[in-house]
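Here is a quick tour of a protein–DNA model. We'll start at the DNA and then turn to the place where the protein chains meet.

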Number of protein chains: 2
Amino acid sequence: MRWEDLDQEPCSLARTLSVVGDRWTLIILRDCFLGVRRFDQFEARLGITRHVLADRLKKLVAADVLEKRPYRERPIRHEYRLTAKGKDLYPVILSLVHWGDQYMAGPEGPPLRHRHRRCGQLTQGVLICAECGEPLTPQEVSVEESAKWRAAQSATGDRSG
Amino acid sequence: MRWEDLDQEPCSLARTLSVVGDRWTLIILRDCFLGVRRFDQFEARLGITRHVLADRLKKLVAADVLEKRPYRERPIRHEYRLTAKGKDLYPVILSLVHWGDQYMAGPEGPPLRHRHRRCGQLTQGVLICAECGEPLTPQEVSVEESAKWRAAQSATGDRSG
DNA sequence: CAGGTGGGTTCTAAAAAGGAACGTAATCAC
DNA sequence: GTGATTACGTTCCTTTTTAGAACCCACCTG
């Protein structure tokens with residue numbers, strides 16, 4: 001399967017990965033959440049080639065995850081900012097960071113800590129059920145094919161997930 | 001920066017992506033959570049080449065995210081199962097799926113729904129603060145460099161995130 | 001005018017992925 | 001007991017991506 005076909009898959013995970021599923025995109029977005037906005041700042045922080053950076057920024061703008069807005073005319077200069085859609089990737093990033101803190105940190109522990117300003121504590125994210133508030137575990141979640149989907153697809157033999 | 005160097009970065013996100021940060025790995029893990037365990041099942045469901053599948057499974061086993069265990073001798077056959085470390089990636093996958101459900105679904109809506117068996121409802125995951133229980137938003141979370149880290153790194157000019 | 005900055009694009013070489021065929025050990029169908 | 005099938009890879013070759021460095025252009029500074 002080609003990269004460009006991923007967003008046609010009947011699977012929300014595959015479609016999401018068609019936007020953020022490569023080595024660099026999520027690291028760029030991490031920096032966006034840390035306040036980085038300009039091409040040369042990304043380049044200096046990221047150890048990424050300019051070529052790939054320009055390509056990823058273009059794709060993120062096309063996907064409406066970032067927006068490119070001018071911050072100066074003459075010469076025209078742009079900055080990249082998270083859209084609402086982009087900001088909604090925050091739980092994804094925090095989940096990844098949390099897992100890395102647990103399993104990939106060296107003996108010095110994780111390099112960064114997250115403080116929840118609302119309550120003042122150092123925090124970790126926990127994923128809970130929006131309905132009952134209990135933590136979600138794989139054992140307790142079952143997956144059902146949507147009825148609309150079944151109807152729309154009928155007998156096409158689609159693999160879905 | 002090369003792929004293999006990512007796990008040395010002083011950033012838990014980068015280190016996590018050194019394990020799961022490519023086009024296929026998370027899709028393979030999705031299938032693991034759906035109960036898929038054997039090479040040919042992955043192959044049939046995934047539209048992935050055998051070459052890449054074998055490589056990713058090997059890397060996931062090396063990273064202790066999956067374990068390879070025999071389910072039959074003569075001829076010896078193995079299956080791949082999530083370890084505890086692998087199961088802890090569940091919030092990552094669910095966050096990605098949730099975002100895809102919101103932003104990447106077509107007019108028919110998302111293909112799969114998730115039912116929380118504990119409470120019986122169709123559910124979405126919400127990321128909350130482990131300390132106070134409120135949802136975590138990027139505006140309300142600030143990032144601090146760990147004191148241990150600062151000490152250990154002293155003045156090396158590391159870019160961290 | 002020389003040099004620097006911001007934001008790219010173009011070039012070539014290396015790495016990764018796609019696609020198909022091949023290998024192998026056992027088992028099944030006839 | 002020959003031939004096909006299953007399970008699980010590996011090999012070979014082609015196409016796509018990435019890395020790495022150089023180049024370009026508009027403007028600004030001195």
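A residue counts as near a strand here if one of its heavy atoms lies within 4 Å of it. Keep in mind that this is a predicted model.

**Around DNA strand D**

With that cut-off, 23 residues surround DNA strand D, and the closest are A:R56, B:D40, B:R50, B:R77 and B:Y80. What share of the strand's atoms that come within 4 Å of the protein is sugar and phosphate? For DNA strand D, sugar and phosphate make up 69% of those atoms.

Three of the polar contacts with the strand are worth a look, and the table sets them out, each with its distance.

| Residue and atom | Partner on DNA strand D | Distance |
|---|---|---|
| A:W24, polar side-chain atom | phosphate oxygen | 3.4 Å |
| B:R77, side-chain N or O atom | sugar or linking oxygen | 3.2 Å |
| B:H78, polar backbone atom | phosphate oxygen | 3.0 Å |

As for which elements give two or more residues to this surface, chain A has α4 (50-62), while chain B brings α3 (39-46), α4 (50-62), β1 (66-72) and β2 (77-82). Sort the residues of the surface near DNA strand D by type and you get 12 charged, eight nonpolar and three polar.

**Where chain A meets chain B**

Now for the protein–protein side. On chain B, 93 residues are in contact with 93 residues of chain A. Putting the two chains together buries about 8800 Å², and carbon and sulfur atoms give 65% of that area. Within the area that chain B buries against chain A, B:L13, B:W99 and B:P111 supply 8%, more than any other three residues.

There's polar chemistry across this interface too. Between chain B and chain A, 35 residue pairs are in polar contact, counting pairs with both residues at pLDDT 80 or more. The interface also has six salt bridges. A:R118 and B:E134 form a salt bridge through their side chains, at 3.4 Å from N to O.

Which helix of chain B gives the most to the side that touches chain A? That's α6 (residues 90-103), with 13 residues. Overall, the side of chain B that touches chain A divides into 49 nonpolar, 22 polar and 22 charged residues.

Strands join the two chains as well: β4 (residues 125-129) of chain A pairs with β4 (residues 125-129) of chain B in the antiparallel sense, over five bridges. In that pairing, A:L127 has B:L127 as its bridge partner.

Note on methods. Residues numbered from 1 in each chain as written. Chains lettered and ligands numbered in written order. Predicted model: local features only at pLDDT ≥ 70, side-chain atom pairs only at ≥ 80, totals over all residues. Heavy atoms only, no water. Polar contact = N/O pair within 3.5 Å; in protein donor to acceptor, adjacent residues only side chain to side chain. Helix = DSSP H or I, 4+ residues; strand = E, 2+ residues; numbered from the N terminus. Nonpolar A, V, L, I, M, F, W, Y, C, P; charged D, E, K, R; others polar. Contact = heavy atoms within 4.5 Å. Buried area = accessible area lost by both parts, 1.4 Å probe. Salt bridge = Lys/Arg side-chain N within 4 Å of Asp/Glu carboxyl O. Pairing = 2+ DSSP bridges.
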